[in-house]
Amino acid sequence: MRNYNTEAEMTYIPNVSWKRNTICQMYNEHCDYTDIQGYFAEQLELNPKLLAWLFDDSRLFGKSPLSLDEERYEAFQDFYNSLDIWD
């Protein structure tokens, strides 16, 4: 997992480092059957509020990452990729 933020993450995801740490903490506490990226993807499907939480935008409640505009999608991809232990 990388310990820096991309420009897209800093621009579109408020408190991105704290949110990354929160996802990692939840993964460590509640998951023992997949990697952290798999956990995050699963949580996106199970929790309709997660994308709205990530971007601090209630309009994203129940939305898919594929519904994001280009800039936010880039930030989302950067965030997702940052969870890879090999990043």
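In this predicted model, Glu74 is placed in helix H5. With a relative accessibility of 46%, Glu74 falls into the partly exposed class, because that class lies between the buried limit of under 20% and the exposed limit of over 50%. Glu74 also has charged company: together with Glu7, Asp69, Glu70 and Glu71, Glu74 forms a patch of negative charge on the surface. Helix H5, which spans residues 70–82, supplies the largest share of this patch, namely 3 residues.

Helix H5 has a part in the interior as well. The largest nonpolar core comprises 22 residues, and the members touching the most other members are Phe40, Leu54, Phe55, Phe76 and Phe79. Two or more residues of this core come from each of helix H2 (16–30), helix H3 (36–46), helix H4 (50–55) and H5. Among these contributors, H4 gives the largest share, with 5 residues. H5 is thus met twice, as the source of the largest share of the negative patch and as one of the elements giving two or more residues to the core.

A closer look at helix H3 brings in Ala41, which lies in that helix. At a relative accessibility of 28%, Ala41 is counted as partly exposed; Ala41 therefore does not meet the buried criterion of under 20%. Ala41 can also be paired with Tyr80: the two residues are separated by 39 residues in sequence, while their C-alpha atoms are 8.6 Å apart in space.

Notes
Residues are numbered from 1 along each chain as its sequence is written. This is a predicted model: local features need pLDDT of at least 70, side-chain atom pairs count only at pLDDT 80 or more; totals for chains, interfaces and linings use all residues. Side-chain values use heavy atoms; hydrogens and water are left out. Patches are made of residues with over 30% relative accessible area and no salt bridge: like charges are joined within 9 Å, nonpolar side chains (Val, Leu, Ile, Met, Phe, Trp, Tyr) within 5 Å. Accessible areas come from the Shrake-Rupley method with a 1.4 Å probe; for residues, only the protein chains shown count as cover. A salt bridge is a side-chain nitrogen of Lys or Arg within 4 Å of a carboxyl oxygen of Asp or Glu. Lys and Arg count as positive and Asp and Glu as negative; His and the chain ends are not counted. The place of a charge is taken as NZ of Lys, CZ of Arg, CG of Asp or CD of Glu. Helices (H or I, at least four residues) and strands (E, at least two) are DSSP runs, numbered from the N terminus. Buried means under 20% relative accessible area, exposed over 50%, partly exposed in between (1.4 Å probe, protein chains only). A nonpolar core is a set of buried Ala, Val, Leu, Ile, Met, Phe, Trp, Tyr and Cys residues joined through side-chain atoms within 4.5 Å.
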